[in-house]
Amino acid sequence: MNVLITGANRGIGLGFVHHYLEQGCHAWACYRSNPGALADLAPEHLHLLQWDVGLDQDPLGDLPEVIDLLINNAGIYGPGKDGQSLSNITADAMLDVFNVDCVGPLRVVQKLADRVITAKGTIANLSSKMGSSDDNSSGGTYAYRAAKAGLVIISKSMAMDLAPHGVHVITLHPGWVATDMTGNNGLINIETSVRGMCAVIATARNFSPGQFIAFDGKVVPY
Ligand code: NDP
């Protein structure tokens with residue numbers, strides 16, 4: 001099985017790479033600018049691509065002809081602390097986060113859809129419960145919430161558009177995971193999150209196209 005993962009040099013993305021290599025899959029691991037820990041992995045079945053999903057550029061490296069599973073994992077949080085409060089959020093910060101977290105997966109799918117269609121494969125887009133209106137009881141975090149909410153609806157449109165071609169698209173919430181993004185303050189570790197999401201991905205066709213699902217298999221209302 002050929003798997004392509006964006007933002008794979010650290011955090012959850014790197015966890016996906018480890019998981020699928022252990023399963024004997026070929027992994028195309030994409031990194032924005034620095035391969036980091038990817039450079040230390042055994043090259044068997046591992047293919048590195050440099051791809052900044054925030055730019056309108058082609059990935060640098062050889063893409064697989066056929067992609068069975070595409071995981072849009074790359075993402076940024078945007079300004080931390082009070083930087084995303086009602087008083088402090090800026091238009092530039094909104095657009096920066098939206099560009100990477102929402103437009104980024106769209107760029108990647110526009111580039112790779114044909115290869116996923118050839119496999120009648122699966123696309124998994126990593127959003128966040130922070131992008132669920134239903135889950136928003138604390139306000140704030142304007143840029144990240146809006147970008148991840150945008151990704152939920154983009155993912156649903158992709159699911160509708162690609163279903164007739166045999167491609168199944170789902171949206172995932174990885175849980176609150178200890179990574180750089182959360183200052184390593186998550187409720188679960190990367191292994192638990194990735195194991196759960198991979199189980200959901202393996203049974204993706206049990207869920208409706210575009211459905212928003214957490215790492216533990218629970219549907220996320222949005
Ligand atoms: P990290 O911050 O630990 O890692 C983010 C990854 O995305 C890095 O590899 C980073 O690359 C990459 N990335 C950022 N911008 C770009 C870009 N423009 N092009 C390509 N790659 C890029 O985040 P996590 O591993 O925690 O998160 C992974 C995904 O899961 C994200 O989409 C996040 O929003 C989502 N998520 C995470 C949660 C959590 O609790 N951790 C909760 C809900 C959702 P680089 O090293 O070059 O910066």
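Student: Let's start with the ligand. Which residues come nearest to the ligand?

Tutor: Keep in mind that we're looking at a predicted model. There are 29 residues around the ligand, and G7, G11, A74, G75 and T179 come nearest.

Student: Which helix gives the largest share of that shell?

Tutor: Helix α1, residues 11-22, with three residues.

Student: And how many residues of the shell are nonpolar, polar and charged?

Tutor: The split is 10 nonpolar, 15 polar and four charged.

Student: On to strands. What should I look for in the side chains of a strand?

Tutor: In a regular strand, side chains alternate between the two faces of the sheet. Now take β1: N2 and L4 point one way, V3 and I5 point the other way, and all of them are buried.

Student: How do β1 and β2 pair, parallel or antiparallel?

Tutor: Parallel, over four bridges. To find your place in that pairing, look at N2, which stands opposite H26 in β2.

Student: What about β5, is it mostly covered or mostly open?

Tutor: Mostly covered, as five of its five residues are buried. On one side you have T122, A124 and L126, on the other I123 and N125, and both faces are covered. β5 also runs parallel to β4, joined by four bridges. L69, for instance, has T122 of β5 as its bridge partner.

Student: Now helices. What's the general idea about which way residues point?

Tutor: With 3.6 residues a turn in an α-helix, residues three or four places apart point the same way. With that in mind, look at α2, where the buried residues are V97, V100, D101, C102, G104, P105, R107, V108, V109, L112 and V116.

Student: What do those buried residues of α2 pack against?

Tutor: Three strands and a helix: β1 (2-5), β4 (69-72), β5 (122-126) and α3 (142-162).

Student: How does the length of α2 compare with what its 29 residues should span?

Tutor: Helix α2 covers residues 91-119, and at 1.5 Å a residue it should span 42 Å; the C-alpha atoms at its ends are 40 Å apart, so the two agree. Still, α2 has a kink of about 60 degrees, centred on L112.

Student: What follows α2?

Tutor: K120, with a positive phi near 45 degrees.

Student: Where else should I look for positive phi in residues that aren't glycine?

Tutor: Try H45, at about 70 degrees, and T141, at about 50 degrees. H45 sits in the loop between β2 (26-31) and β3 (46-50), while T141 is in the loop between β5 and α3.

Student: Are those two buried or partly exposed, and why?

Tutor: Count the C-beta neighbours inside 10 Å; 20 or more makes a residue buried. H45 has 15, so it counts as partly exposed. T141 has 22, so that residue counts as buried.

Student: Let me try one more. Where does L162 lie, and why is it called buried?

Tutor: L162 lies in helix α3. L162 is buried because 21 other C-beta atoms lie within 10 Å. Leaving out residues up to four places away in sequence, L162 touches A113, V167 and V169.

Student: How far apart are L162 and A199 in sequence and in space?

Tutor: They are 37 residues apart in sequence, and 22 Å apart in space from C-alpha to C-alpha.

Technical notes:
Residues numbered from 1 in each chain as written. Predicted model: local features only at pLDDT ≥ 70, side-chain atom pairs only at ≥ 80, totals over all residues. Helix = DSSP H or I, 4+ residues; strand = E, 2+ residues; numbered from the N terminus. Expected span 1.5 Å × (residues − 1). Bend = angle between axes of the 7 residues up to and from the residue. Buried ≥ 20, exposed ≤ 12 C-beta atoms within 10 Å, placed from the backbone. Contact = placed C-beta atoms within 7 Å. Near = placed C-beta within 6 Å. Nonpolar A, V, L, I, M, F, W, Y, C, P; charged D, E, K, R; others polar. Pairing = 2+ DSSP bridges.
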